[in-house]
Amino acid sequence: MTSKNRRKHAPIVLGLIIFISQPFFGSSQAADASDYRELNQQVIEAIDRGLNWLKLQQGEDGLFRDHPGLTALAISAFLRHPENRFKEAEHPFIQKSIEALLKLQQPNGGIYDVEKQPALPNYNTSVALLALSDTNNPKYNDAIENAQRFVKGLQVQDTNSVYYGGIGYGSRETVHDLSNLNFALQSLKESGVEDQAVWDKAIKFLERCQNNSETNDQRWAGNDGGFIYAPDGESKAGSNKSYASMTYAGLLSFIYANVDKNDPRVQAAVNWIKQHFTVEENYGMGKQGLYYNYHTMAKALKTYDEAVIVDAKGISHDWYRVLAEKLISEQIVLDTEQSQGYWQNSEARWWERDPVLVTSYSVLALAAAYRPSS
């Protein structure tokens, strides 16, 4: 790769809130998915370059970009290294960021900056909850439980509301969307919550975001199986059009809510993905939200647990290999002794020109997609 010296939907942005420039496999046979030794070495090298760069972006107070959400995403990127190289107990810089997040925990259990980022309590709390959980440190159990209660407390309980079961921003009570809900469900599930009542309510919200008229009771619903942003018919792709990042978010959310992978709602989402599979864009949105899409894609497909995606033309795609190669090709590598590298989107929407956000997404995507060699 040629080295270069050029240099968050606000974390809906955080898109908060993780891919590639390589062509698809051109035959009907998937690449050998049983042996990833060479690819995995390249993935680890890319992750290490990204983390070397990311570490230098930490502020003296432990925060990244003076933002709890960005800080939590960055710290999770370290803690989720596929080879477990960054344990909290062994790295004071990680402890410093965790302490900074804990200082921002509010009496209601939320973890956010009331003065600087008052509009994103759910996003910030959800990713902070993930980071705290990723430490596997029982010292933070009380903080985790308080954050879990805060996130669960945001869920809409009004059965007459179109947003029933949703979890919104936490500051604007009329705004509830799939991106917010997905981050909330990730934070609850991955921090150990198993609450079927929460999942069942979330499932109703998910149904109302899916273009599946058999299960969506909203008049706007189509039948392509993909997802849009909100149950009132809002789509960032325009009209009621399904798009990739929300479809991956819907798929991941269904599975996290304990919906069986063979359920028709899950299969409808998978069929949409097969029809529109690409790592060249956030399908339906172009480059907007591209790295959020990569992150969500990696987690959703890894959780769905199928190594190969067969597209509408019958072409098989080893999605881990394709995604990893794309991300590796897009990394901006700096000529330094530390072999630093970062990622950055040319599209500014949802903070994706911020390399701290996008590098965190990219590392998390690679870590989530990673498959140990056989």
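Which backbone nitrogen lies 3.0 Å from a polar atom of the side chain of Asp-113? The backbone nitrogen of Lys-116 does. The views below show this site and others in a predicted model.

**View 1. Asp-113, a buried acid without a salt bridge.** Asp-113 sits in the loop between helix H3 (92–103) and H4. Its side chain is held in polar contacts with backbone. One polar atom of the Asp-113 side chain lies 3.0 Å from the backbone nitrogen of Glu-115. The backbone nitrogen of Lys-116 also lies 3.0 Å from a polar atom of that side chain. Asp-113 is buried, yet forms no salt bridge. The nearest side chain of opposite charge belongs to Lys-116, 4.6 Å away. A salt bridge needs a nitrogen of Lys or Arg within 4 Å of a carboxyl oxygen, so this pair does not count. Leaving aside neighbours within four places in sequence, Asp-113 is in contact with Pro-68, Leu-104 and Pro-118.

**View 2. Helix H6, residues 178–190.** H6 has 13 residues. From its first C-alpha to its last it reaches 18 Å, close to the 18 Å expected at 1.5 Å a residue. At the N-terminal end, Asp-177 acts as a cap. A side-chain oxygen of Asp-177 lies 3.0 Å from the backbone nitrogen of Ser-179. After the helix comes Gly-192, with a positive phi near 105°.

**View 3. What covers H6.** H6 is mostly covered, with 12 of its 13 residues buried. Among the buried residues are Leu-178, Leu-181, Phe-183, Ala-184, Leu-185 and Leu-188. Polar side chains are buried here too, including Ser-179, Asn-180, Asn-182, Gln-186 and Ser-187. The cover over the buried residues includes helix H4 (121–134) and helix H5 (141–153). It also includes helix H7 (196–207), helix H8 (244–256) and helix H10 (290–304).

**View 4. Lys-189 and its partners.** Lys-189 belongs to helix H6. Its relative accessible area is 19%, so Lys-189 counts as buried, the cut-off being under 20%. Glu-194 meets Lys-189 in a salt bridge, 2.6 Å from N to O. The two side chains are also joined by a polar contact of 2.6 Å. Glu-194 is exposed, with a relative accessible area of 51%. The side chain of Lys-189 makes a further polar contact with the side chain of Asn-258, at 2.8 Å. Beyond neighbours within four places in sequence, Lys-189 is in contact with Glu-194, Trp-199, Tyr-256 and Asn-258.

**View 5. The salt bridge of Glu-83 and Arg-85.** Side chains of opposite charge can pair when their charged atoms come close. Here the N to O distance between Glu-83 and Arg-85 is 2.3 Å. Glu-83 is partly exposed, at 40% relative accessibility. Arg-85 is partly exposed as well, with a relative accessible area of 37%. The structure holds 20 salt bridges.

**View 6. A salt bridge within helix H11, and a network.** Lys-326 and Glu-330 meet in a salt bridge at 3.1 Å, N to O. The two residues are 4 residues apart in helix H11 (residues 319–330), so about one helical turn separates them. Lys-326 is buried, at 3% relative accessibility. Glu-330 is partly exposed, with a relative accessible area of 28%. Salt bridges that share partners join Arg-80, Asp-134, Glu-190 and Lys-299 into one network.

**View 7. Helix H10 and its end.** H10 has 15 residues, which should span 21 Å at 1.5 Å a residue. Its end C-alpha atoms are 21 Å apart, in agreement. H10 is mostly covered: 13 of its 15 residues are buried. H10 is also part of what covers the buried residues of H6. Just after H10, Asp-305 takes a positive phi of about 70°.

**View 8. Confidence along the chain.** The mean pLDDT of the protein chain is 91. Of its residues, 90% reach 70 or more. Over residues 1–31, pLDDT stays under 50. For this stretch the model has 157 contacts beyond four places in sequence.

Note on methods:
Residues numbered from 1 in each chain as written. Predicted model: local features only at pLDDT ≥ 70, side-chain atom pairs only at ≥ 80, totals over all residues. Heavy atoms only, no water. Expected span 1.5 Å × (residues − 1). Buried < 20%, exposed > 50% of the residue type's maximum accessible area, 1.4 Å probe, protein only. Contact = heavy atoms within 4.5 Å. Polar contact = N/O pair within 3.5 Å; in protein donor to acceptor, adjacent residues only side chain to side chain. pLDDT = per-residue confidence, 0-100. Lys, Arg positive; Asp, Glu negative; His and termini not counted.
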